[in-house]
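Let's take a friendly walk through this model, beginning at its ligand and working outwards. Please keep the viewer open as you read.

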Amino acid sequence: AEVYLNGRFMPLGDAKIPVLDRGFLFGDGVYEVIPAYHRKPLRLHAHLDRLERSLAGIRLANPLSRADWEGVILHLLRSHEAANQAIYLQITRGAPAVRDHRFPQRTQPTVFAMTKTLAPRDPRISEQGVAAVLREDTRWQRCDIKSISLVAAVLLRQEAADAEAEEALLVREGWVVEGSTSNLFVVRDGILSTPPTGPELLSGITRELVMELAACESLPLIEQPVSVEDCRAADELWICSSTRELLPVTRLDGVAVGQGLVGPLWHRLNAAYQACKA
Ligand code: PDD
């Protein structure tokens with residue numbers, strides 16, 4: 001498998017960046033993760049559109065054209081042994097000669113891309129679901145930007161892992177906005193809800209896809225704020241992301257969600273999601 005760095009393809013071990021890179025010093029950059037099935041990216045344009053918005057959010061020009069991004073991605077997908085892969089793209093504000101918070105006068109961004117095998121989902125998940133915990137959201141005010149400054153998300157995801165949970169669901173002023181690395185859906189009395197997009201959460205591409213699939217299945221879905229109470233009283237709770245697809249959450253803070261079983265609506269939407277990958 002090859003990786004891409006600043007215009008060239010090379011083995012991962014040959015990809016090196018200067019220690020003054022602003023990604024390393026400041027977390028001054030953005031990223032994308034795109035799933036690919038049978039070497040075909042899922043929703044590529046939606047991901048590249050979001051990358052554009054993330055770059056604009058940190059005032060960095062897109063270093064590559066749409067056609068160039070597509071070329072890089074297809075090259076990487078072909079160079080990798082696995083058919084199902086997760087593509088990772090990262091752009092930082094480059095490596096100027098000195099450490100200074102202010103933007104460098106002339107920016108030569110660092111552009112990096114790689115892919116890794118997208119592991120098949122553990123079959124136990126569709127039988128038992130996963131556990132989640134609620135945590136206070138300690139991240140910043142621009143969670144709509146897919147920033148590489150991820151230390152808050154790292155700490156929250158580790159807190160979930162320490163509690164033997166798959167995800168931490170994040171609470172802001174009583175509202176559950178998303179997971180540390182995923183978006184959130186709640187089913188109550190047959191109605192699906194997901195928090196509306198805004199600066200407090202990442203506009204997930206998988207979230208968008210799940211919303212479209214719900215519409216195809218004629219399931220009522222409302223974008224509305226989701227409270228802690230909505231989660232605790234939910235019949236079904238789901239998380240979703242590019243790498244984890246749609247996962248049923250059957251335990252929240254150690255308590256059963258609904259009956260504590262994987263719900264019927266999850267089975268329906270998961271089947272629809274699996275069909276999109278084929
Ligand atoms: N994370 N919210 C956050 C905070 C995320 O980090 C992610 C994805 C999502 C889901 O977005 P999407 O459906 O577009 O993947 C929501 C990626 C997978 C990651 O950081 O690896």
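## Around the ligand

By class, the shell around the ligand holds four nonpolar, eight polar and two charged residues. Here Ala, Val, Leu, Ile, Met, Phe, Trp, Tyr, Cys and Pro count as nonpolar, Asp, Glu, Lys and Arg as charged, and the others, Gly among them, as polar. This is a predicted model: local features need pLDDT of at least 70, side-chain atom pairs count only at pLDDT 80 or more, and totals for chains, interfaces and linings use all residues. Residues are numbered from 1 along each chain as its sequence is written.

Of the 14 residues around the ligand, L202, G204, I205, T206 and S242 come nearest. A residue is near a molecule if its C-beta atom, placed from the backbone, lies within 6 Å of it. Both α6 (205-216) and β13 (236-241) supply at least two residues of this shell, and α6 gives the most, with three residues. Helices (H or I, at least four residues) and strands (E, at least two) are DSSP runs, numbered from the N terminus.

## Helix α6 and what follows

With 12 residues, α6 reaches 17 Å from its first C-alpha to its last, close to the 16 Å expected at 1.5 Å a residue. That expected span is 1.5 Å times one less than the number of residues in the helix.

Which residues of α6 are buried? They are I205, T206, R207, L209, V210 and L213. A residue is buried if 20 or more other C-beta atoms lie within 10 Å of its own, exposed if 12 or fewer, and partly exposed in between, with C-beta atoms placed from the backbone. An α-helix has 3.6 residues a turn, so residues three or four places apart point the same way. The buried residues of α6 pack against α2 (44-57), β10 (183-188), β11 (191-194), β13, β14 (245-252) and α8 (264-277).

After α6 comes S218, with a positive phi. Neither S218 nor D253 is a glycine, yet each has a positive phi, as the table shows.

| Residue | Phi | Loop | C-beta neighbours inside 10 Å |
|---|---|---|---|
| S218 | about 55° | between α6 and β12 (221-223) | 6 |
| D253 | about 50° | between β14 and β15 (255-256) | 16 |

Because of these neighbour counts, S218 is classed as exposed and D253 as partly exposed.

## The whole chain and its two domains

The protein has eight helices and 15 strands, and its C-alpha trace spans about 55 × 40 × 30 Å along the principal axes. A compact globule of 278 residues would have a radius of gyration near 19 Å, and the protein agrees, with 19 Å. The radius is taken over C-alpha atoms, and the globule rule is 2.2 Å times the number of residues to the power 0.38. Of the 278 residues, 37% count as buried. Residues 24 or more positions apart account for 70% of the contacts with a separation of 6 or more; two residues are in contact if their C-beta atoms, placed from the backbone, lie within 7 Å.

The domain assignment gives domain 1 (2-117) and domain 2 (124-277), with bounds that come from an automatic or database assignment. Their centres, taken over C-alpha atoms, are separated by 27 Å. The contact takes 20 residues from domain 1 and 14 residues from domain 2. On the side of domain 1 that touches domain 2, β3 (29-37), α2 and β5 (85-92) each supply at least two residues, and the largest share, eight residues, comes from β3. By class, that side has 10 nonpolar, seven polar and three charged residues.
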